[in-house]
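Trainee: I keep hearing words like "buried", "salt bridge" and "pocket", and I'd like to know how each one is earned. Can we go through a structure together?

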Amino acid sequence: MGNRLSGKVAIVTGGNRGIGRAIAERLADEDAMVVVGDLRDDRSADSGSLERLTFMSLDVTKEASIRAFVDDVLQKFGRIDVLVNNAGMVIHKSIDEQTAEDWDRLMAVNLRGPFLMAKYVVPEMRRIGVGAIVNIGSVEGFMVNPWHTAYAATKAGVHGLTLGLSVDLGPDGIRCNTVCPGWIDTELNRAYVELHPDRSLVERELGQLHPVGRIGTPKEIANAVLWLASDESSFVSGEMIAVDGARTKKISLPSILDEEYRAKLTKPQS
Ligand code: NDP
């Protein structure tokens with residue numbers, strides 16, 4: 001356990017599982033009081049940091065729920081130093097199959113949610129004169145997988161929101177940055193992996209898309225969020241930081257020309 005966030009109160013949306021849970025635990029490990037806001041109350045989940053985690057019900061698509069949640073956090077803890085906008089969802093559909101309801105739902109969770117959370121948390125950060133907002137965007141705000149038009153639009157929107165908040169809130173001592181995860185093993189993209197019957201083949205191929213030779217873990221995203229939430233990044237604001245094992249830095253080659261490189265990725269590194 002460290003003390004990089006001692007005395008700070010942090011909110012993590014969608015922190016019941018996956019990346020959000022790893023973020024909540026990592027911030028708590030650095031001595032923050034962490035409030036997890038999620039659709040369901042999952043306090044029974046096994047966690048070594050549970051004594052520093054508080055679970056409260058929150059639906060980021062509902063303004064009244066957000067207002068009540070922020071009021072409850074302030075009543076219980078008296079301040080909010082860090083907001084992590086992590087809650088998110090994905091829908092895999094072609095543009096022809098996608099309905100207006102799908103589009104609206106994705107926008108409501110992934111983009112309107114972070115906007116409203118910031119809207120209700122910022123007055124408190126202004127009052128204490130300091131704050132760090134960390135959004136979870138995606139490499140799909142820069143590039144896109146097939147059938148992810150709406151998802152990519154929400155994540156590019158989150159990146160735009162980050163730019164705007166960093167400019168508007170800088171004078172108040174509030175920083176805003178976004179972590180853009182690459183492929184992380186969570187429930188969110190399990191359906192995509194399961195499109196193919198041979199899961200281990202999919203995982204091997206996925207790993208080979210990354211110059212580091214593997215996909216990422218929720219903890220690796222949490223470590224980046226911790227840095228952006230802490231004073232160690234005090235001059236960093238308005239940034240989109242890809243945490244993706246360099247996947248978005250490699251230009252695709254025809255697989256037949258890429259064989260030697262791919263073979264190297266599957267060999268143990270000395
Ligand atoms: P998961 O699906 O594993 O977890 C998402 C969490 O958000 C769940 O606990 C879910 O609750 C919660 N949630 C969904 N809707 C709401 C809502 N309306 N209000 C409050 N909470 C809600 O996803 P990940 O951990 O993989 O993803 C976390 C973030 O990271 C997302 O923003 C995602 O877009 C982003 N990301 C993930 C990548 C990956 O490869 N996994 C890559 C790039 C970005 P419930 O279980 O009840 O639905």
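What follows is a chat about how the labels on this predicted model come about.

Trainee: Let's begin in the middle of the sheet. What makes strand 5 (residues 131-136) largely enclosed by the rest of the structure?

Mentor: Buried means under 20% relative accessible area. In strand 5, 6 of the 6 residues are buried, so the strand counts as largely enclosed. Both faces are covered: G131, I133 and N135 are buried on one side, and A132, V134 and I136 on the other.

Trainee: How do you know that strand 5 pairs with strand 4 (residues 82-85)?

Mentor: Pairing needs at least two bridges. Strand 4 and strand 5 are joined by 4, and the two run parallel. One spot to look at is N85, which stands opposite N135 in strand 5.

Trainee: And what joins strand 5 to strand 6 (residues 174-181)?

Mentor: There are 6 bridges here, again between strands that run parallel, against the required at least two. I133 stands opposite C176 in strand 6. To get from strand 5 to strand 6, the chain crosses through helix 4 (residues 149-169), in a right-handed β-α-β crossover.

Trainee: Which pieces make up the β-α-β unit with strand 4 in it, and what is its hand?

Mentor: Strand 4, helix 3 (residues 100-128) and strand 5 make that unit, and it is right-handed. The test is to point the strands away from you and follow the path from the first strand over the helix to the second: clockwise is called right-handed.

Trainee: On to charges. Why is the contact between R52 and D31 called a salt bridge?

Mentor: The cut-off is a side-chain nitrogen of Lys or Arg within 4 Å of a carboxyl oxygen of Asp or Glu. R52 and D31 come to 3.3 Å, N to O, so they pass. R52 sits in the loop between strand 2 (33-38) and strand 3 (53-57), and D31 in the loop between helix 1 and strand 2, so the pair ties together parts that are 21 residues apart in sequence. By this rule the count comes to 19 salt bridges.

Trainee: What else is unusual about the phi of D31?

Mentor: D31 has a positive phi of about 80 degrees, although it is not a glycine. Most residues other than glycine have a negative phi. W147, in the loop between strand 5 and helix 4, also has a positive phi, about 70 degrees, and is not a glycine either.

Trainee: Is W147 buried, partly exposed or exposed, and why?

Mentor: Its relative accessibility is 44%. Partly exposed runs between 20% and 50%, so W147 counts as partly exposed.

Trainee: How do the two ends of the K62 and D59 salt bridge compare with the 20% line?

Mentor: Their closest N and O atoms are 3.1 Å apart. D59 has a relative accessible area of 16%, so it is buried, while K62 has 47%, so it is partly exposed.

Trainee: What makes D185 part of a network?

Mentor: D185 forms a salt bridge with R190, at 3.0 Å between the closest N and O atoms. Salt bridges that share partners then join D185, E187, R190, R199 and E203 into one network. D185, with a relative accessible area of 37%, is partly exposed, and so is R190, with 23%.

Trainee: Why is the space lined by D185, R199 and E203, among others, called a cavity?

Mentor: A cavity is a space where a 1.4 Å probe fits but cannot get out, whereas a pocket is open. The largest cavity has a volume of about 30 Å³, and the count comes to 1 cavity of 30 Å³ or more. W183, V193, L206 and I215 complete its lining. By class, that gives 4 nonpolar, no polar and 3 charged residues, and helix 6 gives the most, with 3.

Trainee: What lines the second largest pocket?

Mentor: The lining includes N145, W183, Y192, H196 and R247, and the volume is about 230 Å³. Helix 6 provides the largest share, 4 residues. The lining divides into 7 nonpolar, 2 polar and 2 charged residues.

Key
Residues are numbered from 1 along each chain as its sequence is written. Side-chain values use heavy atoms; hydrogens and water are left out. On a 1 Å grid over the protein atoms alone, a cavity is a set of points where a 1.4 Å probe fits but cannot get out, and a pocket is an open set with protein on both sides within 12 Å along at least five of seven lines; lining residues have an atom within 4 Å of a point. Grid points are joined across faces, edges and corners, and a volume is the space filled by probe spheres set on the points. Ala, Val, Leu, Ile, Met, Phe, Trp, Tyr, Cys and Pro count as nonpolar, Asp, Glu, Lys and Arg as charged, and the others, Gly among them, as polar. Buried means under 20% relative accessible area, exposed over 50%, partly exposed in between (1.4 Å probe, protein chains only).
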